[in-house]
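Here are a few short exercises to work through with the structure open beside you. Try each task before reading its solution.

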Amino acid sequence: MSMRLVAAELVESREILPGQWLQSYHAPTMAAGARAGQFVHVRTGDWSGLVLRRPFSFNTVDAATGTMTIHFRTIGRGTEWFTRLRPGDSIDMLGPLGRPFEVDPRSRHLLLVAGGLGMAGVRMLADEAIRDGRQVVVLFGASGVREVYPSSLLPDEVEYVVATDDGSLGHHGFVTELVADYEAWADQAFACGPAPMLRALAGLAVGRRARLGVAKLGRKRGGGRPLAIGSPQARRKAFLQVSMEQNMGCAVGACLGCVVMGVGGTPQRVCREGPVFASDEIAWEAGW
């Protein structure tokens, strides 16, 4: 689907966690064809210094009703402006933008890893995977119980495992410490969250094949000819795909404000070449 500029009407707005909001918009042309991992760029109606649009992942999409949701945290004047909207209000929305997650048709078991607000980046993939008959485990990490994403907002079919830094709910420790229990089960993994979490997961993915001793599904992911960075084929063959969270000024690749370094020293614009990358496409130690 090509990018569109539409007026989206707010249907529902609620605070699901302290400072975190879930908003539903009626935007049929935006919902049609949107895929998990893509995002929209939204302009506030407050022109008193809030010039730049704000990027939001597609949290869920219902093409049948023409509705979509976004999940965000209030971190400044722009996001606070959104919380003051009321049902019936309309906002200016540009999208779908970015490259989506790619699931290998042979993958039956998907591991989704989210840290904090990173749940917004992988939530829609759970819906798509279940719709296609796949099994899904969601690993979620938060600082404490007050920051844990409500299980009631996930599909019933999902296995949901929580880790908290302070041990107030679920595993006491980092969410990355849960991965070992599922890496043999998973055919592919998908993650969104803080950069240190993604970097740790990328490191685990590098050593996964050696730890398991065999290639999953009787094939070698990534084997054969090298695939172009950013291509759907490269993402589809990767065990781990990551959705990067960077500040995006323009979201169309012009301002270069969201660049991260790819392998081989190739700069990657998160808004255009991402936000989803195969984890081995990113130079994690480059310090962008």
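Before you start, keep in mind that this is a predicted model.

**Exercise 1: a pair of rings**

Find out whether F140 and Y149 are buried or exposed, and then work out how their rings are set against each other.

Start with the surroundings: F140 is buried, and Y149 is buried too. Next, look at the rings themselves: their centres are 6.4 Å apart and their planes meet at 50°. Planes under 30 degrees apart would count as stacked and over 60 as edge-to-face, so the pair of F140 and Y149 is tilted.

**Exercise 2: rings that link two strands**

Count the aromatic pairs, then describe the one made by F56 and F72.

The count is 8 aromatic pairs. In the pair of F56 and F72, the centres are 5.4 Å apart with 55° between the planes, which makes it tilted. Now place the two residues: F56 belongs to strand β4 (residues 54–57) and F72 to strand β6 (residues 67–73), so this pair ties together parts 16 residues apart in sequence. Both F56 and F72 are buried. To finish, widen the view: F56 and F72 join W81 and F82 in one aromatic cluster.

**Exercise 3: looking for disulfides**

How many disulfides are there, and what do the distances around C192 and C271 say?

The count is 0 disulfides. Take C192 to begin with: the nearest cysteine sulfur belongs to C258 and is 14 Å away, and C192 is in no disulfide. C192 is buried, at 1% relative accessible area. Then try C271, where the nearest cysteine sulfur is again that of C258, at 3.7 Å. The cut-off is 2.5 Å between the sulfur atoms, so C271 is in no disulfide either. C271 is buried as well, with 3% relative accessibility.

**Exercise 4: strand β13 and its partners**

Which strands are joined to β13, and which way do they run?

Begin with β12 (residues 188–192): 4 bridges join this strand to β13, and the two run parallel. C192 comes back here, since its bridge partner in β13 is S243. Move on to β16 (residues 276–278), which is joined to β13 by 3 bridges and runs antiparallel to it. There, Q241 has A278 as its bridge partner.

Last, check the two faces of β13 (residues 240–243). In a regular strand, side chains alternate between the two faces of the sheet. Here L240 and V242 are on one side, Q241 and S243 are on the other, and all of them are buried, leaving both faces covered.

Notes. Residues numbered from 1 in each chain as written. Predicted model: local features only at pLDDT ≥ 70, side-chain atom pairs only at ≥ 80, totals over all residues. Heavy atoms only, no water. Phe/Tyr/Trp six-rings, centres within 6.5 Å; stacked < 30°, edge-to-face > 60°. Buried < 20%, exposed > 50% of the residue type's maximum accessible area, 1.4 Å probe, protein only. Pairing = 2+ DSSP bridges.
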